Amino acid sequence: EINKDSAVPIVFPMSLHVAFHLREIHREAKRKEQNVIISGHFGNITALDLHCFCGRTVILLPEFSREGYLNAKEFASKIQSSANDVKIYPWPMACLPMR
């Protein structure tokens, strides 16, 4: 699906189970892939072929932790130069200061 339409934004949860859940919600709402592509990755994110993000709008959903947010920031910096736009939408609780 990613290669079919380069104008469609990619929502990229950095947790595979979140990706599967969002895809199911997307299907249940009878949304089409022309609106948004929800993708995920199994395994080490450093092994991912980054060409699929070239020229795309990418929305990263980090894992629900401070470390997950930092990993998303690192990943965003890797694709920033080739993607059209990269945004990170952290889970609200992940941004709270640690005590």
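**Exercise 1.** Leaving aside neighbours within four places in sequence, with which residues is Leu60 in contact?

*Solution.* The model is predicted: local features need pLDDT of at least 70, side-chain atom pairs count only at pLDDT 80 or more, and totals for chains, interfaces and linings use all residues. Residues are numbered from 1 along each chain as its sequence is written, and side-chain values use heavy atoms, with hydrogens and water left out.

Step 1. Contact means heavy atoms within 4.5 Å.

Step 2. With the neighbours within four places set aside, Leu60 is in contact with Phe12, Ala72, Phe75, Ala76, Val86, Lys87, Ile88 and Tyr89.

**Exercise 2.** State how many helices and strands the protein has, and their order.

*Solution.* Step 1. Helices (H or I, at least four residues) and strands (E, at least two) are DSSP runs, numbered from the N terminus.

Step 2. The protein has 2 helices and 4 strands.

Step 3. Along the sequence they follow the pattern β-α-β-β-α-β.

**Exercise 3.** Describe the largest nonpolar core and the elements that supply it.

*Solution.* Step 1. A nonpolar core is a set of buried Ala, Val, Leu, Ile, Met, Phe, Trp, Tyr and Cys residues joined through side-chain atoms within 4.5 Å. Buried means under 20% relative accessible area, exposed over 50%, and partly exposed in between (1.4 Å probe, protein chains only).

Step 2. The largest nonpolar core has 14 residues, of which Phe12, Phe53, Val58, Leu60, Phe75, Ile79 and Val86 touch the most other members.

Step 3. Two or more residues of this core come from each of β1 (10-13), β3 (57-61) and α2 (66-79). The most come from α2, which gives 4 residues.

Step 4. For the protein as a whole, 31% of the 99 residues are buried.

**Exercise 4.** Place Val11 in the structure and list its contacts.

*Solution.* Step 1. Val11 is found in strand β1. Its relative accessibility is 13%, so Val11 counts as buried.

Step 2. Apart from neighbours within four places in sequence, Val11 is in contact with Val36, Ile37, Ile38, Ser39, Ile59 and Leu61.

Step 3. Ile88 is 77 residues from Val11 in sequence, while their C-alpha atoms are 9.9 Å apart.

Step 4. Among contacts in the protein between residues at least 6 apart in sequence, 77% join residues at least 24 apart.

**Exercise 5.** Explain why Cys52 and Cys54 are not bonded through their sulfur atoms.

*Solution.* Step 1. A disulfide is a pair of cysteine sulfur atoms within 2.5 Å. The structure holds 0 disulfides.

Step 2. The closest cysteine sulfur to that of Cys52 is in Cys54, and because the two are 8.0 Å apart, they are too far for a bond.

Step 3. Cys52 is buried at 14% relative accessible area, whereas Cys54 is partly exposed at 41%.

**Exercise 6.** Find the salt bridges and give the accessibility of their residues.

*Solution.* Step 1. A salt bridge is a side-chain nitrogen of Lys or Arg within 4 Å of a carboxyl oxygen of Asp or Glu. By this rule there are 2 salt bridges.

Step 2. One joins Lys78 and Glu74, with the closest N and O atoms 3.9 Å apart. These two residues are 4 residues apart in helix α2, so about one helical turn separates them. Lys78 is partly exposed at 41% relative accessible area, and Glu74 is partly exposed at 44%.

Step 3. Another joins the side chains of Asp85 and Lys87, at 2.8 Å from N to O. Asp85 is partly exposed at 26% relative accessibility, and Lys87 is partly exposed at 35%.
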